[in-house]
Structures are given as structure tokens and as C-alpha cells.
Protein chains: 2
Amino acid sequence: MSKILVFGHQNPDTDAFASAIGFSYLAKQKFKLNTEAVALGQPNEETKYALDFFKIDSPRVIKSAASENVDTVILTDHNEFQQSISDIKELTIWGVVDHHRIANFATTDPVFFRAEPVGSSSSIVGRMFKENQIEIPKRIAGILVSAIISDTLLFKSPTTHPSDRTIAQYLAKIAGVDLEVYGLELLKAGVNLASKSENELLSLDAKTFPLNGQNVRVAQINTVNIAEILTRQNALEKAMKSESEQNGYSDFILMITDILNSNSEILVVGENQSKAEAAFNVKLQDNRTFLKGVVSRKKQIIPQLTEAFE
Amino acid sequence: MSKILVFGHQNPDTDAFASAIGFSYLAKQKFKLNTEAVALGQPNEETKYALDFFKIDSPRVIKSAASENVDTVILTDHNEFQQSISDIKELTIWGVVDHHRIANFATTDPVFFRAEPVGSSSSIVGRMFKENQIEIPKRIAGILVSAIISDTLLFKSPTTHPSDRTIAQYLAKIAGVDLEVYGLELLKAGVNLASKSENELLSLDAKTFPLNGQNVRVAQINTVNIAEILTRQNALEKAMKSESEQNGYSDFILMITDILNSNSEILVVGENQSKAEAAFNVKLQDNRTFLKGVVSRKKQIIPQLTEAFE
């Protein structure tokens with residue numbers, strides 16, 4: 001049987017890696033598929049910490065399916081084509097496991113598609129192991145629980161669903177870690193930002209959203225100190241403008257998220273600042289504003305922007 | 001909690017009814033939702049037979065969600081907006097359970113979406129009861145197994161998945177019916193066509209597909225005698241042309257399917273007959289041709305047409 005590649009979105013975060021690794025393993029057991037988990041980018045510091053902790057080799061980074069001689073793929077933690085592999089429109093999609101909105105996605109044949117409005121794709125993958133009574137290896141449980149911690153900011157994000165905590169506790173037990181202790185270590189590993197260039201910061205977790213004909217880039221940086229990041233505001237704005245020109249983004253929004261206190265500062269450059277202001281009912285000052293209680297791009301930024309752009 | 005309406009596609013078949021009835025019940029138990037199963041059209045003869053057999057009241061037929069003062073819906077057995085309720089674009093979609101291709105569908109927020117390439121949406125609903133260890137009432141098991149029999153033509157259609165038979169056997173046991181005996185009675189109930197007008201025949205199971213800017217209508221009639229239907233070819237073509245003019249279909253394709261021998265005659269009227277010929281590698285004679293072994297619109301007609309129209 002020819003190989004099926006399993007991968008998360010571009011600029012992969014821990015859930016993009018973990019859901020691909022977990023679902024690739026599950027698909028071998030349950031659907032007897034010949035799968036390989038790969039990635040569309042290098043792991044970030046947090047993901048590296050989790051992969052190292054559970055002694056998992058980092059998946060290969062690939063550029064296109066064609067260059068791998070593969071024509072069938074499985075998408076995890078994303079479904080929108082512009083967030084996927086470069087040649088997605090040429091490929092057969094076997095299936096999708098995701099927890100985001102569904103958009104810019106279509107198939108010509110019926111496919112496997114499982115999306116749920118929960119905190120993490122890895123949460124869904126974890127429950128699929130249970131539902132199908134498939135034993136979870138320790139390392140797989142470890143990377144899946146890492147992704148749930150990462151996406152829910154240890155269950156503090158408003159995207160957290162009660163089932164996330166339940167499955168995380170189950171997985172943590174198999175992985176042999178204490179949720180709180182390991183969780184804080186993991187989150188701290190992800191916020192070691194001082195050594196990174198502006199372009200690196202902007203690509204840690206960035207996605208493009210087509211909103212009513214405009215391409216809006218929304219990046220997120222998790223930190224324990226918003227002020228520290230803001231000392232680099234000028235250089236960040238310059239990099240955001242330069243990336244926008246190169247890639248045709250009408251707007252670039254950077255969320256700088258305080259993961260301990262669950263707030264974000266947003267920095268906005270581009271043609272539609274007034275739409276961003278309308279979306280969040282704020283006035284930008286010096287291109288930025290503080291959004292109290294906002295930590296989730298998916299739930300607290302994109303739906304509001306989508307409405308403001310319509 | 002405000003009410004959520006659950007319904008299958010327009011021109012509902014047995015699976016559209018059964019998956020809505022089954023998932024509505026399941027959603028009450030599992031997600032504590034206040035659901036009501038409704039329908040976007042009257043039940044056909046086969047569906048009526050199944051509803052009567054299991055003493056289920058036929059769900060109410062509704063025209064729009066707005067007229068019901070409802071803003072949230074669950075779609076079963078379809079996802080494409082043009083096959084759904086008239087005001088679908090104004091509504092919040094809580095979730096989808098389906099076994100068709102995914103297209104012309106989008107949400108602004110994460111949703112529950114479960115699609116699998118199996119023979120029947122009711123097959124997925126049936127398995128969800130098992131996965132979640134929710135007891136299935138006899139009447140729900142009965143309508144679900146009816147839909148699986150209907151969609152798979154008693155497991156003879158190429159859309160049949162091994163899991164369809166497994167879950168159907170399980171459901172038949174709960175429903176207290178013999179699969180083969182009840183199955184043949186059910187399928188025969190659906191092919192009592194002599195009393196129907198041409199327009200009624202064309203709306204028994206019809207869907208519209210946007211193919212590269214054209215709207216192609218594909219209807220299907222199940223029968224045990226193709227020749228009997230073909231005695232009405234002229235009147236059928238007239239009705240197909242008239243419906244196309246009224247609704248802006250570029251093409252109207254009618255599948256007349258012999259459910260005992262698993263073949264179809266297709267009748268094609270419209271602007272793109274040559275594309276239909278290319279899709280199936282045939283020459284139409286008198287606007288029609290015989291397609292050996294073809295019984296599935298979803299698997300043996302739509303993907304081929306999609307390619308030919310590109």
C-alpha cells in the first residue's frame with residue numbers, strides 16, 4: 001500500500017506535531033494504513049522540549065507531497081488549504097482531524113473528517129484511542145498531553161472544553177507525568193524568546209486568513225512578560241510590514257499573549273486598522289491595544305475579525 | 001436552552017430522515033442539547049414504510065429556520081449549503097454528521113463535524129451510540145437500520161463499507177427484524193412508482209451540484225424494472241427541461257437504477273451532454289445510455305462529472 005503522509009499546519013505548534021504523530025499511529029492500528037507523520041516546518045522550543053522529554057524523533061520536514069512521491073495525505077489540526085502543504089489542491093485527502101473552523105476546504109469524494117469544538121486536536125486523537133480501545137504507547141500519550149496543555153494554556157484558555165481536562169488526566173497517567181508540574185515546565189520552555197529574531201518571533205505560530213477578499217495574517221507569541229516583547233515593537237512592525245509586502249497580506253496582527261495572566265496585547269499594521277478596531281471595540285494607540293482576557297486566536301480574534309471584514 | 005433543529009437534505013431519503021431522528025436523540029443524551037428532528041420535505045414511500053413499521057411519527061416538514069424562531073441547526077446526511085435549509089447562510093451550525101464529499105460548506109467558528117466514507121450516515125450515528133455506550137431504543141435502531149439498507153441497497157452498492165454490515169446486524173437485532181427479509185420488503189416499498197407523476201419521480205431523490213460554474217441536477221429513481229420507467233422517457237425529458245429552466249440547471253441527469261441487478265440507465269438533458277459522455281466514456285443514444293454496475297451517484301457519478309466539468 002502506498003504511503004500516506006500525516007501532518008499539521010504550516011508554522012507547526014505542539015498540537016500540529018502531536019496530533020499528526022498520534023493520529024498516524026492510530027491510523028496504522030485502526031485503519032491499517034501505511035502512514036508517516038511529517039511536518040511542514042521545524043518544531044518550536046516548546047515542541048522540542050516535549051519531543052525530547054518523551055524521546056520522540058522529530059518528524060521530517062517536507063515541502064510538498066509531490067517531492068515525496070506521495071499523492072494521499074491526512075491533515076491534522078487544520079483544514080484550510082492555505083494553511084496546508086503547498087500542493088494540497090493536487091492531492092487526495094484521506095481524512096482530517098481538527099478543532100478549528102471549517103473553511104476553504106473541499107473534496108470531490110467522501111472522506112474521513114472529524115472536527116470537534118474542543119481545546120486541542122490531540123484531545124480528539126486521545127479520545128479516539130479510547131473509543132476504539134487501542135492501547136496508547138507512553139511516548140504517544142506524552143506528546144498528546146503536551147499538546148493539550150499547550151493549546152489550553154494548562155486549561156486556562158477559553159477554548160478549553162471539559163473533555164480536554166478529562167483526557168489530559170488520562171494521558172498524563174499513561175505518560176507518567178504530573179499535569180501541573182510538567183505543564184508549567186512545558187509552557188515555560190516555549191517562552192524563551194530573547195534569542196529569537198523578529199522574523200522568528202512572527203513565524204512561531206502564524207496563520208493566514210482570507211477575509212472577504214483580503215489576506216490577513218495573525219501571529220501569536222506566548223510570553224510571561226508582554227512588556228519585554230514590546231521593547232522590540234519598532235523592529236517587529238518593520239518585519240510585519242516587510243512580510244506583508246512579500247506575501248500580499250493586507251494586514252498583519254500580532255497577539256502577544258501573557259500565558260500566566262491570560263491577557264493579550266495586539267499589534268496591528270496594514271490597510272484595515274479601523275476594521276480591527278471595530279472587531280474588538282477599541283481604539284489603537286501607537287498601533288496597539290490591550291485585550292483583557294483574550295488568549296485565543298480561534299475563539300476571540302478570528303470570528304470577530306471575520307464579522308468586521310464582512 | 002433554545003431549540004436546535006436537526007435535519008437531513010432537501011428531497012429527503014430514508015437516510016436523511018433516519019440520521020436526523022437518530023442523531024437528535026443521541027445529541028439529547030450525550031450533549032444535553034434541546035433538539036428536534038425535522039425534515040426539509042415529505043417522506044418518500046420507502047421512508048413512510050420504515051416510519052410506519054417502527055411506529056415513528058413523521059417529523060414536521062419545515063421551510064426555514066427563521067420561520068421556526070430557531071438560529072442553530074445540525075445537518076445530517078449532507079453538508080453542501082445548496083442541499084440544505086433555505087436560510088442556512090444566516091444560521092449557526094452546531095454540527096454535521098455525513099458520509100458525502102465536503103464542499104460548499106464553511107463556518108466562522110469551530111464546530112462538531114463527523115464525516116466518514118461509509119455507506120450511510122445512519123451507520124455513523126449507530127456507531128456513535130455504541131462508542132458512547134448509549135442505549136438505543138428499538139424504534140431508533142429500526143429507522144437507522146432501514147437507512148443503511150436503503151443507502152447500500154442491502155449491501156450491494158459499491159458505497160457499502162464493511163462497517164455498514166456490522167452495525168446493521170447489531171441494529172437489526174435491537175429492532176427485532178431479519179435483515180434480509182425486512183430489507184427486501186423495505187426496498188420493494190420504495191419502488192412503487194406507477195402512480196407517480198414525472199415531477200414526483202424526479203424529486204424522489206434529487207440533488208444539485210455546482211460544477212465549475214454550472215448547476216447540474218442529478219436525480220435517482222430506484223426500480224426493479226428499468227424498461228417500465230423508460231416507457232415514460234418523453235414525458236420525463238419534458239419535465240427535466242422544464243425544471244431546468246425554472247431553476248437554472250445547466251444539465252439534468254436522471255439515474256434509473258435497477259436495485260436487484262445493480263445497473264443504471266442514465267437520461268441526460270442539457271447544455272453539456274458531451275461532458276457527461278466524456279465523464280462515463282460513452283456515447284448517448286436518444287439522450288441515454290446504460291451504465292453497467294453503476295448504482296451510486298456519490299461514488300460512480302459525481303466524481304466523474306466533476307472531473308469532466310473541470
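# Bridges, crossings and a two-fold

User: Buried or exposed: which word fits B:Lys283?
Analyst: B:Lys283 has a relative accessible area of 65%. The cut-offs are under 20% for buried, over 50% for exposed and partly exposed in between, using a 1.4 Å probe and protein chains only. With that value, B:Lys283 is exposed.

User: What kind of model is this?
Analyst: Residues are numbered from 1 along each chain as its sequence is written, with chains lettered from A and ligands numbered from 1 in the order in which they are written. Side-chain values use heavy atoms, leaving out hydrogens and water, while local features need pLDDT of at least 70, side-chain atom pairs count only at pLDDT 80 or more, and totals for chains, interfaces and linings use all residues, the model being predicted.

User: Which residue does B:Lys283 form a salt bridge with?
Analyst: A salt bridge puts a side-chain nitrogen of Lys or Arg within 4 Å of a carboxyl oxygen of Asp or Glu. Here the closest N and O atoms are 3.6 Å apart. The partner is buried, at 16% relative accessible area: it's B:Glu277.

User: Which residues do salt bridges with shared partners join into one network?
Analyst: Over all chains, the structure holds 27 salt bridges. Some share partners, and one network of that kind joins A:Lys3, A:Glu36, A:Arg60 and A:Glu68.

User: How many residues apart are A:Glu265 and A:Arg288?
Analyst: These two form a salt bridge with N and O 3.2 Å apart at the closest. A:Glu265 lies in strand S9 (residues 263–270) and A:Arg288 in strand S10 (residues 288–291), both of chain A; helices (H or I, at least four residues) and strands (E, at least two) are DSSP runs, numbered from the N terminus. A:Glu265 is buried at 8% relative accessible area, whereas A:Arg288 is partly exposed at 24%. The pair links distant parts of the chain, with a separation of 23 residues.

User: How far apart in sequence are the parts tied together by B:Asp205 and B:Arg297?
Analyst: Their side chains meet in a salt bridge at 2.8 Å, N to O, and both residues are buried. B:Asp205 is in the loop between helix H7 (198–203) and strand S6 (206–211) of chain B, and B:Arg297 is in helix H11 (residues 297–300), so the parts tied together are separated in sequence by 92 residues.

User: Which residues does B:Gly22 contact beyond its neighbours within four places in sequence?
Analyst: B:Gly22 belongs to helix H1 (residues 14–31) of chain B and is buried, at 0% relative accessibility. Its C-alpha is 9.0 Å from that of B:Ile136, 114 residues away along the chain. Taking contact as heavy atoms within 4.5 Å, the residues are B:Val125, B:Phe129, B:Ile140 and B:Leu144.

User: Which residue of chain B comes closest to the rotation axis?
Analyst: A turn of 180° and a shift of 0.0 Å along the axis lay chain B on chain A with an RMSD of 0.0 Å, so the copies are related as by a two-fold rotation axis. Superposition is by least squares on C-alpha atoms of residues with pLDDT of at least 70 in both copies. At 2.3 Å (C-alpha), the closest residue of chain B is B:Arg114.
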